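This report looks at one helix pair and at one pocket, with the cut-offs stated as each term comes up.

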Amino acid sequence: MTQEYKGIIFDMDGVLVDSEEFYYQRRKAFLKEYDLSIEQIPLPLFIGADMRSLWETILEVNDTIYDEAFLNEKYHQYKAEHPIDYSQLIDPDAKRVLQFFKRKGYRIGLASSSTLDVIQEVLKEGQLTSYFDVVVSGTQFKKSKPAPEIYEYTAEELGLDPKNCLAIEDSEKGIRSARDAGTTVWAIKDTRFGMDQQLADQKIDTLSDVCKKLQKTEKIG
């Protein structure tokens with residue numbers, strides 16, 4: 001008998017929208033303005049992370065007069081001045097995949113390290129808002145991914161045990177967060193950032209493969 005899932009919890013960046021490269025380059029460009037470098041920090045550390053969890057590492061490897069509070073404030077301004085066009089980066093299969101799960105009667109959640117305003121912008125751009133029963137931002141917690149709280153909370157808000165949820169992730173931080181919360185994790189294969197995805201239960205090539213694989217497991221079950 002195969003696992004029966006009642007809820008699907010999606011990560012956003014790198015899963016529903018191909019935004020990680022833009023985020024990395026924007027962070028790099030901003031930090032360069034203050035003579036800060038991130039070249040010596042492994043790239044996978046940035047993927048799936050919010051800036052709160054990165055400042056300590058950035059300041060450890062750079063000799064600078066600036067502190068976290070100053071840089072954080074300036075970075076928020078920089079982001080506003082250098083917006084991302086999400087409409088060009090949303091996975092073309094995202095809506096179809098969400099429609100599939102909605103028709104099947106799954107509870108659908110979103111657990112993202114991004115801020116709530118960014119999440120809402122992406123969902124609005126992709127016309128995806130109505131498909132989610134629960135939308136959760138990592139900024140709602142003291143620590144976002146890889147801490148498990150975001151997945152535990154999202155499952156609870158869906159009215160489900162994490163064991164009955166399937167998480168769709170890509171980053172090392174996201175995979176660990178979902179796994180430690182007790183959900184099954186399927187990772188969209190990384191071919192660009194050198195991420196270690198070995199903690200994922202399965203790897204899939206594309207977002208639409210989630211539907212195909214789930215249909216197969218249902219038939220087997």
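The text below takes the helix crossing before the pocket.

The model is predicted, so local features need pLDDT of at least 70 and side-chain atom pairs count only at pLDDT 80 or more, while totals for chains, interfaces and linings use all residues. Residues are numbered from 1 along each chain as its sequence is written, and side-chain values use heavy atoms, with hydrogens and water left out.

The axes of helices α6 (residues 149–157) and α7 (residues 172–181) come within 7 Å and cross at roughly 55°, which makes α6 oblique to α7. The crossing of α6 and α7 is right-handed. In α6, I150, Y151 and E152 meet G174, S177, A178, D180 and A181 of α7, where contact means heavy atoms within 4.5 Å.

The largest pocket has a volume of about 540 Å³. Among the 28 residues that line the largest pocket, R26, K79, S114, T115 and V118 are the closest to its centre. A pocket is an open set of points on a 1 Å grid over the protein atoms alone, where a 1.4 Å probe fits, with protein on both sides within 12 Å along at least five of seven lines, and lining residues have an atom within 4 Å of a point.

Helices (H or I runs in DSSP of at least four residues, numbered from the N terminus) that each supply at least two residues of this lining are tabulated here.

| Helix | Residues |
|---|---|
| α1 | 20–32 |
| α3 | 68–81 |
| α5 | 116–125 |

Helix α3 gives the most to the lining of the largest pocket, with 5 residues.

Methods. Axes fitted to C-alpha atoms, helices over the stretch in contact; angles between N-to-C directions. Parallel < 35°, antiparallel > 145°, perpendicular 65-115°, else oblique. Left-handed = near helix turned anticlockwise from the far one by under 90°. Points joined across faces, edges and corners; volume = space filled by probe spheres on them.
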